[in-house]
Amino acid sequence: MKIPFLDMSIIHRDIKNEIMSSLERVYDSNSFILGKELDSFEKEFAKYCGVKHCIGVGNGLDALVLILKSYDIGEGDEIIVPSNTYIATALAVSIVGATPIFVEPDEKTFNIDINKIESKITKYTKAIIVVHLYGQPCDMFPIIKLSKKYNIKIIEDNAQSQGASYNGVRTGALGDAAGTSFYPTKNLGALGDGGAITTNDDGLARKAKILRNYGSNKKYYNEFKGINSRLDEVQASLLRVKLTYLNKWNIERDLIAENYIKNITNKKIVLPHKNSNIKHVWHQFVIKTDYRDELQRHLDSNNIETMIHYPIPIHMQKAYVEFFEFCGKLPIAESLSNEILSLPIYPGLTKEAQKHIIDIINNFDI
Ligand SMILES: *Cc1c(COP(=O)(O)O)cnc(C)c1O
């Protein structure tokens, strides 16, 4: 049995007819940018997240950049970001000219450690970007408290957590504004690039909507120096179809996670920790072990593909040479990158495949 890390062909086969008719609808409409499909998707996704506004954009990175720009964040400003995340979170901050300030993760949840945020707040801090990493919402109440105390914005990076919730409130509705990504492999993925901003902030929504379209609200009249980053009609139309399946797919992920948690019993493996007041959507199922490379080889030699999210922390990336000084000072992000391993988890992963993965992990020894 060969088990790929991710196989989208299963869900894509199931919904092929619906997707094809949505594509045909767009084809026949001959309207491809800022049309009816986007309007409808924005309304539907806003409703799904429980917010007033959704603005469809080109990708998840642009969603974060447009939020920062709309809040006039730039040079001289500091933005708190987790040290353990995908590089896009920090890049968005760098792109607008602000400085990312890294905060270490909680070793159990992998999310930003809420006890280490306050000491990093200075008079230059304008916002904190929280990432609901691997599909688990951050512990938001303490963060909301800090944001009120210091008057700083909360921006959610919702790229890995579409459909998750914290105390019954969906991610994307937990801060001042949220950016999400519809990169094909996300829980809600397009057939190409895509992203969105969700928010209850009327002012931010208005500005971001203008900024994504060259800073123009009325054709050839430009109010701001904007960019070109729009979710196109083709992607919006098929995302409308996929959105109706998102809850079902997330439940399937949850069942697989439950099965792994119940049946992986190897003492060398630390299973992911799930907080009690949240709904996790398992974008990734990430285990920890001191023998990560050996385990990955063991799985690989049994035809089970795994991945590492992420193998090199941001401050150790060549692109961020200015942060090399932090090496050794962000020990948790650094040690996690050597211990973590992501197992296959996706709708359509069969019971037999899950059992095979569990058995091969349980018989791992060194
Ligand atoms: C995927 C991802 C992004 C960026 O999304 P793109 O659409 O690829 O630009 C941002 N943040 C996190 C945490 C992600 O996983």
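Is Asp 359 buried, partly exposed or exposed? With a relative accessibility of 36%, Asp 359 counts as partly exposed. This briefing concerns a predicted model, and it moves from the ligand and its surroundings to helix 4, then to the salt bridges, and finally to a buried glutamate and a nonpolar surface patch.

**The ligand and its surroundings**

- The ligand is surrounded by 13 residues, of which Gly 60, Asp 157, Gln 160, Ser 181 and Lys 186 are the closest.
- Two side chains come to 2.7 Å from the ligand: an N or O atom of Asp 157 lies at that distance from a ligand nitrogen, and an N or O atom of Lys 186 lies at that distance from a ligand oxygen.
- Gly 60 contributes through its backbone, where a polar atom is 2.8 Å from an oxygen atom of the ligand.
- On its own the ligand has 380 Å² of accessible area, and the protein covers 91% of it.

**Helix 4**

- Helix 4 spans residues 60–70 and is mostly covered, since 9 of its 11 residues are buried.
- Among the buried residues of helix 4 are Gly 60, Asp 62 and Ser 70, together with nonpolar residues including Leu 64, Val 65 and Ile 67.
- At the start of helix 4, Asn 59 brings a side-chain oxygen to within 3.1 Å of the backbone nitrogen of Leu 61.
- Just after helix 4, Asp 72 adopts a positive phi of about 55°.

**Salt bridges**

- The structure holds 13 salt bridges, and side chains of opposite charge can pair in this way when their charged atoms come close.
- One of the salt bridges joins the side chains of Arg 240 and Glu 44, with 2.9 Å from N to O.
- This pair links distant parts of the chain, because Arg 240 belongs to helix 8 (residues 233–243) and Glu 44 to helix 3, 196 residues apart.
- Arg 240 counts as partly exposed at 24% relative accessibility, and Glu 44 also counts as partly exposed, at 30%.
- Arg 240 and Glu 44 are further linked with Arg 25 and Glu 37 in a network of salt bridges.
- Asp 359, the residue of the opening question, meets Lys 355 in a salt bridge of 2.8 Å from N to O.
- Asp 359 and Lys 355 both lie in helix 12 (residues 351–362), where they are 4 residues apart, about one turn of the helix.
- An α-helix has 3.6 residues a turn, so residues three or four places apart point the same way.
- Lys 355 counts as exposed, with a relative accessibility of 51%, whereas its partner Asp 359 is partly exposed.
- Lys 116 and Asp 113 form another salt bridge, in which the closest N and O atoms are 3.7 Å apart.
- In that pair Lys 116 is partly exposed at 33% relative accessibility, while Asp 113 counts as buried at 11%.

**A buried glutamate in helix 3**

- Glu 42 is located in helix 3, and its relative accessible area of 6% makes it buried.
- Leaving aside residues up to four places away in sequence, Glu 42 touches Cys 54, Ile 55, Gly 56, Lys 209 and Arg 212.

**A nonpolar surface patch**

- Phe 32, Ile 33, Leu 34 and Val 234 form a nonpolar patch on the surface, and together they have about 300 Å² of accessible area.
- Within this patch, Leu 34 sits in the loop between helix 2 (16–29) and helix 3 (36–49), and Leu 34 counts as partly exposed at 36% relative accessibility.

Methods:
Residues numbered from 1 in each chain as written. Predicted model: local features only at pLDDT ≥ 70, side-chain atom pairs only at ≥ 80, totals over all residues. Heavy atoms only, no water. Patch = residues over 30% accessible without salt bridge, like charges linked within 9 Å, V, L, I, M, F, W, Y side chains within 5 Å. Areas by Shrake-Rupley, 256 points an atom, 1.4 Å probe, with all protein chains shown as cover. Salt bridge = Lys/Arg side-chain N within 4 Å of Asp/Glu carboxyl O. Helix = DSSP H or I, 4+ residues; strand = E, 2+ residues; numbered from the N terminus. Buried < 20%, exposed > 50% of the residue type's maximum accessible area, 1.4 Å probe, protein only. Near = heavy atom within 4 Å. Polar contact = N/O pair within 3.5 Å; in protein donor to acceptor, adjacent residues only side chain to side chain. Contact = heavy atoms within 4.5 Å.
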